[in-house]
Amino acid sequence: MKPLDPGLAAEIEALRRGYGEKAIRLQYGESMLALATEFPDFVVLTADLMYATGMDRFGAEFPDRLINLGIAEQNMTGVAAGLALSGTLPVVCGYAAFTTLRAVEQAKVDAAYNEVKVILTGQSAGLSYGVGGPTHQTFEDVAIMRAIPNMVVLVPSDAAEVDACLRAAITWEGRSPIYIRLGRGPEYTHSRAGKAFEIGKAVRLREGSDVAIIANGAMVAEALMAADALNRHGIAAGVLNLSTVKPLDTGAIMAIVKGVSAVVVIEEHSVIGGLGSAVLEALAEVRHAPVRRIGIADWFPPIGPTRELRKALGLSAEGIVANVLDMLGHAESGRAVAE
Amino acid sequence: MALNNMQLPLDLAGLKEMARVNRLDTARMFMAAGNGHFGSCYSCTEIITTLYFGLMRVDAARPEWPDRDRFVMGKGHAAPTVYSALIRRGFMPEGWMDEYETAVGVKLMTHPSRRYQPGIDTSQGSLGHGLSIGVGMALAAKLQKRDYNTYVLMGDGETNEGSVWEAAASAAKFELGNLTAIIDCNRLSVDGATDEVMPMEPFPDKWRAFGWDVIRLDGHDLPALLDAMTPRRDGQPRPPRMIIADTVKGRGVSFMENVRGWHADTITATQYALVKRELEVTL
């Protein structure tokens with residue numbers, strides 16, 4: 001695959017500058033604080049990450065509702081299940097790496113098998129704590145949580161959607177644990193504040209008959225930039241925000257891939273087992289256009305600042321555009337359309 | 001036959017008889033399956049019997065009653081003792097015993113399941129989870145200002161799991177006086193003597209150091225168990241309670257007592273007849 005034409009890269013950069021941004025951790029703290037007033041019964045559990053997850057104001061204003069279990073995620077998840085079994089809704093507030101991997105058996109047995117609603121939130125997922133290195137970079141969590149029966153997996157895409165997603169989880173009436181995968185620092189905002197989040201429903205953000213781009217998390221804004229750049233050059237690209245990985249909205253996937261020549265699925269996660277896999281599992285049942293998965297290859301990625309690292313790994317609008325052009329047969333990526 | 005609430009709590013003679021019934025029920029289930037965790041069940045028979053027929057506030061008509069006392073079977077592989085107790089208290093039909101592990105879709109299996117078994121407060125089976133769940137249940141009682149008590153039974157081998165000690169620290173931090181944990185100290189795990197597989201004694205010193213009130217007793221002594229596990233419903237913040245119960249693995253059946261292999265084994269019709277005969281005369 002050829003590098004992107006500089007002119008096209010500049011166009012994408014210009015589009016990027018048009019986006020506002022907000023830190024996910026900041027939004028999380030604000031949202032939880034607002035929700036605590038509105039819903040007086042849930043409690044928050046943390047494993048010594050109150051400050052690190054933006055929950056210090058919550059802790060100051062609702063000290064009785066912030067239960068700090070110390071650096072012990074297995075116990076935290078078991079305690080959460082015990083609370084839920086006894087009628088108190090727990091929101092586990094931690095880093096994705098530890099919430100999902102360290103305590104995965106508690107998530108499976110104590111929460112999912114027991115059929116109780118426990119909200120597991122995992123910040124700093126993907127490469128959003130890129131300088132933390134592979135211990136804190138989290139690129140297996142969706143695969144692992146998706147494989148657990150009765151587990152709901154949500155990957156909201158920007159600050160406004162994080163807010164809506166938390167509200168949807170707290171008010172949801174199902175009897176399943178819910179894993180919410182979250183970033184950390186500033187992410188581009190594309191959605192309107194106050195818009196409802198519906199668990200299990202994908203949202204079509206762009207229409208386009210040539211190419212389908214399916215994304216979640218921070219990659220949704222990149223998908224929108226890519227689609228807008230492609231559209232300017234006569235390639236009609238549709239974008240689907242698949243923020244619920246499980247249960248999967250297969251209807252929305254089938255609808256967006258219908259008639260297109262290429263499908264790109266992008267996620268800040270391993271190409272093994274995440275959104276790309278989920279989409280391919282659905283598409284395997286039908287005739288479909290070639291699908292390319294952009295994600296983290298089967299390796300431990302290097303260390304680096306989040307945005308530079310994402311870009312280096314092709315987790316960006318530029319990566320999407322280069323792949324789309326390659327798939328559509330443009331010999332030198334971007335040249336044909338840029339000229 | 002199930003007891004009704006008016007017949008409870010049982011007196012000492014009643015508890016003793018119920019412990020015998022419990023061992024016979026357990027053998028009946030294992031005979032249906034052809035095998036079972038005899039040793040692990042028989043070491044905790046008196047503990048389970050004391051809780052369900054002498055102390056715990058539960059009601060078969062309301063398995064999800066928010067004010068019921070909770071029981072967590074940390075050593076999930078001894079679930080048949082709890083099945084017997086729940087059946088004799090009317091939570092589940094007696095006929096389920098004879099279907100134990102016999103076919104796809106039966107209700108009773110090796111480990112307790114909240115999904116299929118009314119009266120089971122949490123599914124268990126993987127060791128080291130129970131105490132954390134018990135801490136969550138006891139915390140919920142505090143948050144909701146309810147006076148129910150939570151009991152967690154663990155195996156001595158189970159305490160090898162690190163999560164047990166995470167839970168131990170948290171129960172002390174939150175001063176869960178409404179939580180009682182019991183260690184069924186039968187000194188044998190699957191691969192041999194617990195002191196050889198992974199030494200964990202001295203238990204009393206360890207639990208005291210973690211901030212618990214500790215009592216060590218004979219786990220087959222009904223009056224001692226009744227006294228040590230009496231519910232504490234005053235809501236006062238105080239250290240959680242740990243009962244180190246010294247027990248005999250396979251207790252009640254001569255050829256099973258203290259024999260490693262009877263942690264779990266197959267059983268023949270001849271052996272089953274022997275078990276029944278011994279239980280009729282020895283206890």
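**Notebook: two chains, their contact, two sheets**

Started with confidence: chain B has a mean pLDDT of 96, with 99% of its residues at 70 or more. I keep in mind that this is a predicted model. For the complex, I noted an ipTM of 0.96 and a pTM of 0.96 from the predictor.

**Entry: the contact between the chains**

I looked up who takes part. Chain A puts in 24 residues and chain B puts in 24 residues. On the chain A side, I found two helices that each supply at least two residues: H4 (73–85) and H6 (104–113). Which element gives the most to that side? H4(A) does, with nine residues. I then sorted the chain A side by class and got 11 nonpolar, 10 polar and three charged residues.

**Entry: H4 and H6 of chain A**

Since both helices turned up at the contact with chain B, I checked how they sit against one another. Their axes come within 9 Å and cross at roughly 10 degrees. Angles under 35 degrees count as roughly parallel, so I logged H4(A) as roughly parallel to H6(A). From H4(A), the residues in this packing are A:Gln74, A:Thr77, A:Gly78, A:Ala80 and A:Ala81. H6(A) answers with A:Gln106, A:Ala107, A:Asp110 and A:Ala111. The class count came out at four nonpolar, four polar and one charged.

**Entry: the chain A sheet**

Next I traced an open sheet of five strands in chain A, in the order S9-S11-S10-S13-S14, with mixed pairing. Which strands stand at the edges? They are S9 (203–206) and S14 (291–296); each has a single partner strand, so one side of each lacks a neighbour in the sheet. Ignoring direction, I get an average turn of 20 degrees between neighbouring strands.

At the S14 end, I found five bridges joining S13 (residues 262–270) to S14(A), and the two run parallel. I picked out one pair there: A:Ile266 has A:Ile294 in S14(A) as its bridge partner.

Then I looked for helices on this sheet. H10 (residues 250–257) of chain A packs on it and touches S9, S10, S11 and S13, its direction making about 150 degrees with that of S10(A). H9 (residues 219–232) of chain A lies across S9, S10 (211–215), S11 (237–241) and S13, and runs at about 170 degrees to S11(A).

**Entry: the chain B sheet**

Over in chain B, I traced an open sheet of five strands in the order S2-S3-S4-S8-S7, and here the pairing is parallel. The edge strands are S2 (70–73) and S7 (213–218); each pairs with a single strand, so one side of each has no neighbour in the sheet. Neighbouring strands are turned by 20 degrees against each other on average, direction ignored.

How many bridges join S7(B) to S8 (residues 241–246) of chain B? I found six, with the strands running parallel. Among the partners, B:Val214 is bridged to B:Met242 in S8(B).

**Entry: H5 and H6 of chain B**

Last lookup: H5 (residues 130–143) and H6 (residues 162–173) of chain B pack at about 25 degrees, their axes 8 Å apart. I therefore wrote them down as roughly parallel to each other. Is the crossing left-handed or right-handed? It is left-handed. H5(B) brings B:Leu131, B:Ser132 and B:Val135. Facing them in H6(B) are B:Ser163, B:Val164, B:Ala167, B:Ala168, B:Ser170 and B:Ala171. By class, I noted six nonpolar, three polar and no charged residues for this contact.

Technical notes. Residues are numbered from 1 along each chain as its sequence is written. Chains are lettered from A and ligands numbered from 1 in the order in which they are written. This is a predicted model: local features need pLDDT of at least 70, side-chain atom pairs count only at pLDDT 80 or more; totals for chains, interfaces and linings use all residues. pLDDT is the predictor's confidence in each residue, from 0 to 100. Two residues are in contact if their C-beta atoms, placed from the backbone, lie within 7 Å. Helices (H or I, at least four residues) and strands (E, at least two) are DSSP runs, numbered from the N terminus. Ala, Val, Leu, Ile, Met, Phe, Trp, Tyr, Cys and Pro count as nonpolar, Asp, Glu, Lys and Arg as charged, and the others, Gly among them, as polar. Axes are lines fitted to C-alpha atoms, for helices over the stretch in contact, and angles run from 0 to 180 degrees between N-to-C directions. Angles under 35 degrees count as roughly parallel, over 145 as roughly antiparallel, 65 to 115 as roughly perpendicular and the rest as oblique. A crossing is left-handed if the near helix is turned anticlockwise from the far one by less than a right angle, and right-handed if clockwise. Two strands pair if DSSP finds at least two bridges between them.
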